[in-house]
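Please open the structure in your viewer and keep the selection panel at hand. The tour below goes from one selection to the next and says what is there at each stop.

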Amino acid sequence: MSDAPAELKYSSSHEWARLEENGMVTVGITEFAQEALGDIVFVELPEMGVQIESGEEAGVVESVKAAADTYAPIGGTVVEVNSVLEDEPERVNQDAFGDGWFYRLDPHDVEDLSELMDAESYLELCENEAP
Amino acid sequence: MSKHTALHDEHVRLGVKMVNFAGWDMPLHYGSQIEEHHAVRNAAGAFDVSHMTIIDVRGGEALPWLQYMLANDVGRIECGQAQYGLILNSQAGIIDDLIVYKRKDDFRLIVNAGTREKVLAWFEQNQRGFEINWKLRSGMAIIAVQGPQGIALVEKATGFDGAKMPPFTFLENAESWMFARTGYTGESGLEIILPEQAAPGLWQNLMQAGVSAVGLAARDTLRLEAGMSLSGQDMDETTHALESALGWTIAWKPENRSFIGREPLEQIRKAGSALKLCGIVLQSRGVLRHGQKIISKAGDGIVTSGIYSPTLGYSIGLARVPKNIEPDCHVEIRGKQLAVKLVRPPFVRNGQRVYK
């Protein structure tokens, strides 16, 4: 079974969000998601400076098996993207919760994070979705 | 309950991810299908393909029967040689592809797992009047070892030296192991057919010799880079050989050899096929996949196979398109039209890009 660090928050569409010390929120996809997708070959990230709302499409992950949309777990302005993924998408497979992060948001309202799942409820969701 | 091959425990020990394929539990990958793909292109990989169907045909009229049943002419091969060919229905639709191995006392046919019942029923239906009998061989395993180091590592693992064997030949040893210079990856290598009780030992020796275990997911990207068709996906009973880039497998001569599907195929040949199967290369990021629409000035086509090519680093595929299509056209992916270029497969041979 995949893991899910306790300090992160999770969306039902398998993104994770981490509040950084400077108030920014880092977003990626979970270990469960990367495992389900298999080898990832392309990651399309949102553009710098755009505003996205919670639940809105924020790019595409394409693996050897399938293409999957990713969604913003909370609303905010994109202030940084992990452009390394353009050339090394396999980092998502290798380290989904670390090196394989997707982008950073300046959140509209940091309190929105509390509407996301904690690790325990997220793992429960995965349990139910497991093939 | 899915069927297991004789190597099931070996796969589980290697941490396999299994997939149900035609009623069998088969290895999909052992961690990363891309790494497995590279292992075959750069060194050597072993595939368990024991789910494939082995049929041995013997009897005084085995040769004329197979010349009637198959679109290629097995009269052209000698004992110790193998031949790729097609089984057609009476409208020239493709029931399956197969490899025929001509042995001393019989012909050994290997057909796909997914079409097993269909092929067996077709054989039964069409054996009247011929003095033949055919037997489904169970209790056998098939291990394909493929890659530039494949033949050398088989020798290390078994002592069998296949280095001097030409492609599409085979040899058998005293323990009824068959070593065939055939495969489905565009690399050199051997396919080993052996009694299933000996298979786990061979598998372990191959792993110890340095061969990587490779699953069906990488088998698909390897065969597509090599420009090889997959029965049931790139061609099936609703398509014919001349729109499937398989015209080379039809033995038109001698002209008086009657084989099932010949007449309708002759007519299509005379009129000219309206469609053709060709290679496509996506010109931007994204992945071509089965079923996507090709859009051109000459009309629409369809992607029959599409993958991300681990060797090339971009997406390639096969598509059935109008015969007079322009070389630069488009594919529709997720509502967007992206540029594709038509090319002549194979895409990769011996680890290198080969198409222009």
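Begin in chain B of this predicted model, and select the six strands that close into a barrel, taken in the order β14-β17-β16-β15-β18-β19, where the pairing is antiparallel. If you look from one strand to its neighbour in this sheet, you will find the two turned against each other by 40° on average, with direction ignored. In general, the strands of a sheet pair through backbone hydrogen bonds, and they may do so in a parallel or an antiparallel way.

To see one of these pairings in detail, select β15 (residues 293-296) together with β18 (residues 328-333) of chain B, which pair in the antiparallel sense over three bridges. Within this pair, highlight K293(B) and look across to β18(B), where E332(B) stands opposite.

Next, add the helix α7(B) to the selection, which lies across β16 (299-309) and β17 (314-322) of chain B and runs at about 120° to β16(B). How many of the ten residues of α7(B) are buried? Eight of them are, so that the helix is mostly covered, if a residue counts as buried when 20 or more other C-beta atoms lie within 10 Å of its own. The buried residues are A217(B), A218(B), R219(B), T221(B), L222(B), R223(B), L224(B) and E225(B), and you may want to show their side chains while you read on. Around them, colour the elements against which they pack, namely β2 (24-29), α2, β3 (45-48), β16, β17 and β20 (348-349) of chain B. Just after α7(B), stop at G227(B), which takes a positive phi of about 75°.

Now colour chain B by domain, using an assignment that gives domain 1 as 8-50 + 138-225 and domain 2 as 274-356. The centres of these two domains of chain B, taken over C-alpha atoms, are separated by 29 Å. Where they meet, the contact takes twelve residues from domain 1 of chain B and twelve residues from domain 2 of chain B. On the side of domain 1 of chain B that touches domain 2 of chain B, α2 (33-42) and α7 (216-225) each supply at least two residues, and the largest share, five residues, comes from α2(B). If you colour this side of domain 1 of chain B by residue type, you will find three nonpolar, five polar and four charged residues on it.

Another sheet of chain B is the next stop: select the six strands of the open sheet in the order β10-β11-β12-β9-β3-β13, which has mixed pairing. Its edge strands are β10 and β13 (212-213) of chain B, each of which pairs on one side only. Inside this sheet, pick out β11 (residues 178-180) and β12 (residues 189-195) of chain B, which run antiparallel and are joined by three bridges. Here F179(B) has I192(B) in β12(B) as its bridge partner. Then show α5(B), which packs on the sheet and touches β9 (140-146) and β12 of chain B, while its direction makes about 35° with that of β12(B).

From α5 (150-158), follow the chain into the loop that leads to β10 (170-172) of chain B, where G159(B) lies. Is G159(B) buried or exposed? G159(B) is exposed, because 9 other C-beta atoms lie within 10 Å, and 12 or fewer is the cut-off for that class. From here you can draw a distance between the C-alpha atoms of G159(B) and A174(B), which are 15 residues apart along the chain and separated by 13 Å.

Zoom out until the whole of chain B is in view, with its eight helices and 21 strands. Along its principal axes, the C-alpha trace of chain B spans about 60 × 50 × 45 Å, and of its 356 residues 46% count as buried. The radius of gyration of chain B is 20 Å, which agrees with the value near 21 Å for a compact globule of 356 residues.

Finally, select chain A, which has four helices and nine strands and follows the pattern β-β-β-α-β-β-β-β-β-α-α-β-α along the sequence. The C-alpha trace of chain A spans about 35 × 35 × 25 Å along its principal axes. To end the tour, show both chains together and look for their contact, which takes seven residues from chain A and nine residues from chain B. The side of chain A that touches chain B divides into four nonpolar, one polar and two charged residues.

Key: Residues numbered from 1 in each chain as written. Chains lettered and ligands numbered in written order. Predicted model: local features only at pLDDT ≥ 70, side-chain atom pairs only at ≥ 80, totals over all residues. Contact = placed C-beta atoms within 7 Å. Nonpolar A, V, L, I, M, F, W, Y, C, P; charged D, E, K, R; others polar. Rg over C-alpha atoms; globule rule 2.2 N^0.38 Å. Domains from an automatic or database assignment. Pairing = 2+ DSSP bridges. Axes fitted to C-alpha atoms, helices over the stretch in contact; angles between N-to-C directions.
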